[in-house]
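Work through the exercises below with the model open. Each task is followed by a solution in steps.

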Amino acid sequence: MSNDSDDIHDVSTAATNASTDQATDFATNLTGILNGGTLSLMISIGHKTHLFDTMSKLYEQKQFAKSEEIARAANLNERYVREWLGAMVTGQIVDYDKLIDRYSLPPDHATLLTRDAGIDNFAMFFQYISLMGRVEDKIVECFYEGGGVPYSEYPRFQELQAEETSRIFDARLVDEILPLSRGLRDRLERGIDVLDVGCGRGHAINVMARAFPRSRFVGYDISDEGIRAANEEASKMRLSNARFEVKDLSLMNDSEQYDLITAFDTIHDQAQPTKVLRAIYDALRTGGSDDTTGIFLMQDIAASSYVNENMSNPLAPTLYTISTMHCMTVSLASNGEGLGAVWGRQKAEQKLREAGFCGEIDIKEIEGDILNYYYITKKTKVNH
């Protein structure tokens, strides 16, 4: 029969073993995170240098290719390509045949890594890692001092945003996103006035203007660079029903001018989102029926306002990181509310109510799009 000290010893040993197992598991997890973080930079390079696209085309010709062939086809330095391939092989992204010393990008990987993958191309998202790394030390200062890092510190952010969203707008805007609001396409075909706030480089406006020539489209953005790019694209597309203005959304004072206002992944970045949403409400026409009432269509991050409810969100760590490193800090740099990318569904509904949208707020999703919610609401006759 064991004594009390033996029992305590057994419990202590079991606890120590369990703790050791947990530490080992956590170390394995950390190793995976470290490898994933470093591979993110290499995937970004593979996208920027068109290496994934090149290897996909080489696969169609010969499946496996030597590093010299890959470098030559991509017009790149072979030594750098070979080292990059080492990361891709050990990261299980590229296949390697040691007997013939040749590399291959499997077709099922190419469908998620090449430009031909369209909206399924994951590789372009990895560019945000290096962009955020540029401001890491400035973000660390904010942890100590408060405040934020201004938009001007992110020189390629709008370019990356345009690359990301253009694929979505081309593939889904006209046929999937706009029809989420019942009857909206019919109204656009008949001809209405549309505003896109925070339009960036204006691709959403230009896609809609091309699809609905009887409607009139306007885009507002604070970026001179973005508006120049938007006007250039509209000119190339020979659009006469699209125009763009440089405008601070917090100073917007349009009244009863638009039948539809869209905001694609931009409200949470605003310094004064509550004020901007109120200005959007005021800019919509009241109308006398469902066919004439102003509609607000807001695309924003699919998340909860409560961290415990985001545990099952596969993108949650990425969203909180991007929020810390860009969305929240850019707002705080302008003494803003600092909502952040993960402001969530509950807070979004609250803000819409505060802005005056007292009617029904539909929150919809598109199959295959785990990143976004689509909020659809109308201007009510009575201002609550």
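**Exercise 1.** Does Q63 count as buried, partly exposed or exposed?

Solution. The structure is a predicted model. Step one: take the relative accessibility of Q63, which is 41%. Step two: compare this value with the cut-offs, under 20% for buried and over 50% for exposed. Q63 therefore counts as partly exposed, at 41% relative accessibility.

**Exercise 2.** Locate Q63 and describe its backbone.

Solution. Start with the position: Q63 is found in the loop between α2 and α3. Then read phi, which is near 65 degrees for Q63, a positive value in a residue other than glycine.

**Exercise 3.** Treat E256 in the same steps: place, phi, accessibility.

Solution. E256 lies in the loop between β5 and β6. Phi of E256 is positive, about 50 degrees, although the residue is not a glycine. The relative accessible area of E256 is 35%, so E256 is partly exposed.

**Exercise 4.** Which residues of helix α3 are buried, and what do they pack against?

Solution. Helix α3 covers residues 67–74, and its buried residues are S67, E69, I70, A71 and A74. Next, look for their partners: the buried residues of α3 pack against α2 (51–62), α4 (78–90) and β2 (102–104). Finally, step past the end of the helix: α3 is followed by N75, which has a positive phi near 60 degrees.

**Exercise 5.** Describe the largest nonpolar core, beginning with its members.

Solution. This core has 32 residues, and those that touch the most other members are L173, I177, L178, L188, F217, F244 and L260. The elements that each supply at least two residues of the core are the helices α8 (157–177), α9 (184–190), α10 (203–211) and α11 (224–236), together with the strands β5 (242–246), β6 (260–264), β7 (295–301) and β9 (372–378). Now take one member, L173: leaving out residues up to four places away in sequence, L173 touches I168, L178, P179, A204, V207, M208 and F264. Apart from the largest core lies another core of 30 residues, among them V276, L277, F296 and W343.

**Exercise 6.** How much space lies in the largest pocket, and which residues lie nearest its centre?

Solution. The space in the largest pocket is about 1100 Å³. Its lining has 39 residues, with F122, F125, L315, T318 and L371 nearest the centre. Two or more lining residues come from each of α1, α6 (127–133), α8, α13 (316–333) and β9. Sorted by class, the lining has 22 nonpolar, 10 polar and 7 charged residues.

**Exercise 7.** Repeat the analysis for the second largest pocket.

Solution. About 900 Å³ of space lies in the second largest pocket. It is lined by 41 residues, and Y151, Q158, G198, D221 and T266 are the closest to its centre. The elements giving two or more residues to this lining are α8, α10, α11 and α13. The largest share, 9 residues, comes from α8. By class, the lining of the second largest pocket divides into 16 nonpolar, 15 polar and 10 charged residues.

**Exercise 8.** Where in the chain is confidence lowest, and where is it highest?

Solution. Begin with the whole chain: the average pLDDT is 92, and 94% of the residues score at least 70. Then go to the elements: confidence is lowest in helix α1 (residues 4–48), with a mean of 80. It is highest in strand β3 (residues 193–197), at 98.

Terms used
Residues numbered from 1 in each chain as written. Predicted model: local features only at pLDDT ≥ 70, side-chain atom pairs only at ≥ 80, totals over all residues. Heavy atoms only, no water. Core = buried A, V, L, I, M, F, W, Y, C linked by side-chain atoms within 4.5 Å. Buried < 20%, exposed > 50% of the residue type's maximum accessible area, 1.4 Å probe, protein only. Helix = DSSP H or I, 4+ residues; strand = E, 2+ residues; numbered from the N terminus. Contact = heavy atoms within 4.5 Å. pLDDT = per-residue confidence, 0-100. 1 Å grid on protein atoms, 1.4 Å probe; cavity = no way out; pocket = protein on both sides within 12 Å on 5 of 7 lines; lining within 4 Å. Points joined across faces, edges and corners; volume = space filled by probe spheres on them. Nonpolar A, V, L, I, M, F, W, Y, C, P; charged D, E, K, R; others polar.
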